[in-house]
Amino acid sequence: MDIRVLEKNKKTGYIFYVSYRGSGFDAFDEMAGKTTVKGYFKEIMNSLGFTWAKGIQQGGRTDAKVSGNNCLYVSSNFTGNVQKIICDFNEKSEGKMKITGFDKTFPNLIFPDYVEKRKYIYRYPQKKISKSFEEIKKSCEELTGTYDVSRFTDTKGEKLKEHIRTVEVSFENGELIFTGNSFMPKQVRIMSGYILTGEMTALPGKYLTLEKIFLNDEILKNIFIEEKNLKIENVERIERTKDGSFYIFYVSEDKKGEVIGKNGKNIKKLRKELGTVIVREI
């Protein structure tokens, strides 16, 4: 992180944890004339006064009709009450999509780079499964590992340069569980078809859920939390990263000079004691 850029930049990175029912969405990315996950999120957030300059990034994409417990990341200048925004969002969305929480981190990240793995669950009706339990378990073992998965994708996926994926597949309590660092388009649904019916066909998206996004340690340690135990004269609010390596002091414009000190004397002393410290006006 370029400290000087961060000092001048008033943006904050926001990770919103969202859950949504796939039945209400035609696609994931914004698309004219379609109800999409990103488009719906953006529409409601904008109506509530929460805006951002760049686009929305995600922990994982989901096909049409696929439900999700996902992460949406934006960089925003918003300084208001985020909890109120969340409450208003959930009321306005009427159960179609729900924000279950949020974290603050650094702005302008390439968010997918911080996703360690994703977990999907395919819940296919028992009456539609044509393979035996033993056959299903054997197929799960066969498809677990690191290899070229291009036979389990569509034409769009075949055009991607990288076809090697690592995936772990298991069958528990009548549910197929897929965990991996990355998945190709339709990979999970086609694998589900192969495992449960023996056909290389993408099963319906309505039975699939993106169950969880696992973020890596690098971003988790850089989540900002409020620092309530540290009191600095003329500083109205303090936030720090969870690992305590980075602090943001929020000060009023007329007190900024006093906090920094003549020739930066005060801030240099604080940085020697705390590590990286930046000062932002409020």
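Let me start with one pair: Thr146 has Thr166 as its bridge partner in β7. This is a predicted model, so please hear everything that follows as computed from it.

The strand on the other side of that pairing is β6, residues 145–148, and β6 is joined to β7, residues 164–172, by 4 bridges. The two strands run antiparallel. On to the next strand, β8, residues 175–180. β7 and β8 are also antiparallel, and they pair over 6 bridges. One example is Val169, whose bridge partner in β8 is Phe178. What do β7 and β8 form together, and how many residues lie between them? They form a hairpin, with 2 residues between the strands. Asn173 sits in the turn and has a positive phi of about 50°.

Now the pockets. The largest one has a volume of about 820 Å³. Its lining counts 30 residues, and the closest to the centre are Arg61, Thr62, Phe183, Met184 and Pro185. Two elements to look at on the screen are β5, residues 115–122, and α6, residues 187–197; each supplies at least two residues of that lining. By residue class, the lining of the largest pocket has 14 nonpolar, 7 polar and 9 charged residues.

The second largest pocket holds about 500 Å³ of space. It is lined by 22 residues, and those nearest its centre are Tyr14, Lys104, Arg237, Glu239 and Tyr250. Elements that each supply at least two residues of this lining include β1 (12–20), α3 (82–93), β4 (97–105) and β11 (237–241). Here the division is 8 nonpolar, 6 polar and 8 charged.

That brings me to charged pairs. Side chains of opposite charge can pair when their charged atoms come close. How many salt bridges does the structure hold? The count is 15.

I will take three of them. In the second largest pocket, Arg237 and Glu239 are both among the residues nearest the centre. The side chains of Glu239 and Arg237 meet in a salt bridge, at 3.8 Å from N to O. Are these two residues buried or exposed? Glu239 has a relative accessible area of 8%, so Glu239 is buried. Arg237, with 30%, is partly exposed. Elsewhere, salt bridges that share partners join Asp29, Lys38 and Arg61 into one network. Arg61 is also one of the residues closest to the centre of the largest pocket.

The second example is Arg240 with Glu227, where the closest N and O atoms are 2.7 Å apart. Arg240 lies in strand β11 and Glu227 in the loop between β10 and β11, so the pair, 13 residues apart, links distant parts of the chain. Both Arg240 and Glu227 are buried.

The last one is Arg189 with Asp63, a salt bridge of 3.2 Å from N to O. Which parts of the chain does the pair link? Arg189 is in helix α6, and Asp63 is in the loop between β2 (57–58) and β3 (67–76), 126 residues apart. Arg189 counts as buried because its relative accessibility is 12%, under the 20% cut-off. Asp63, at 29%, counts as partly exposed. Helix α6 we have met already, as a contributor to the lining of the largest pocket.

I will stop there and take questions.

Note on methods
Residues are numbered from 1 along each chain as its sequence is written. This is a predicted model: local features need pLDDT of at least 70, side-chain atom pairs count only at pLDDT 80 or more; totals for chains, interfaces and linings use all residues. Side-chain values use heavy atoms; hydrogens and water are left out. On a 1 Å grid over the protein atoms alone, a cavity is a set of points where a 1.4 Å probe fits but cannot get out, and a pocket is an open set with protein on both sides within 12 Å along at least five of seven lines; lining residues have an atom within 4 Å of a point. Grid points are joined across faces, edges and corners, and a volume is the space filled by probe spheres set on the points. Ala, Val, Leu, Ile, Met, Phe, Trp, Tyr, Cys and Pro count as nonpolar, Asp, Glu, Lys and Arg as charged, and the others, Gly among them, as polar. A salt bridge is a side-chain nitrogen of Lys or Arg within 4 Å of a carboxyl oxygen of Asp or Glu. Buried means under 20% relative accessible area, exposed over 50%, partly exposed in between (1.4 Å probe, protein chains only). Two strands pair if DSSP finds at least two bridges between them.
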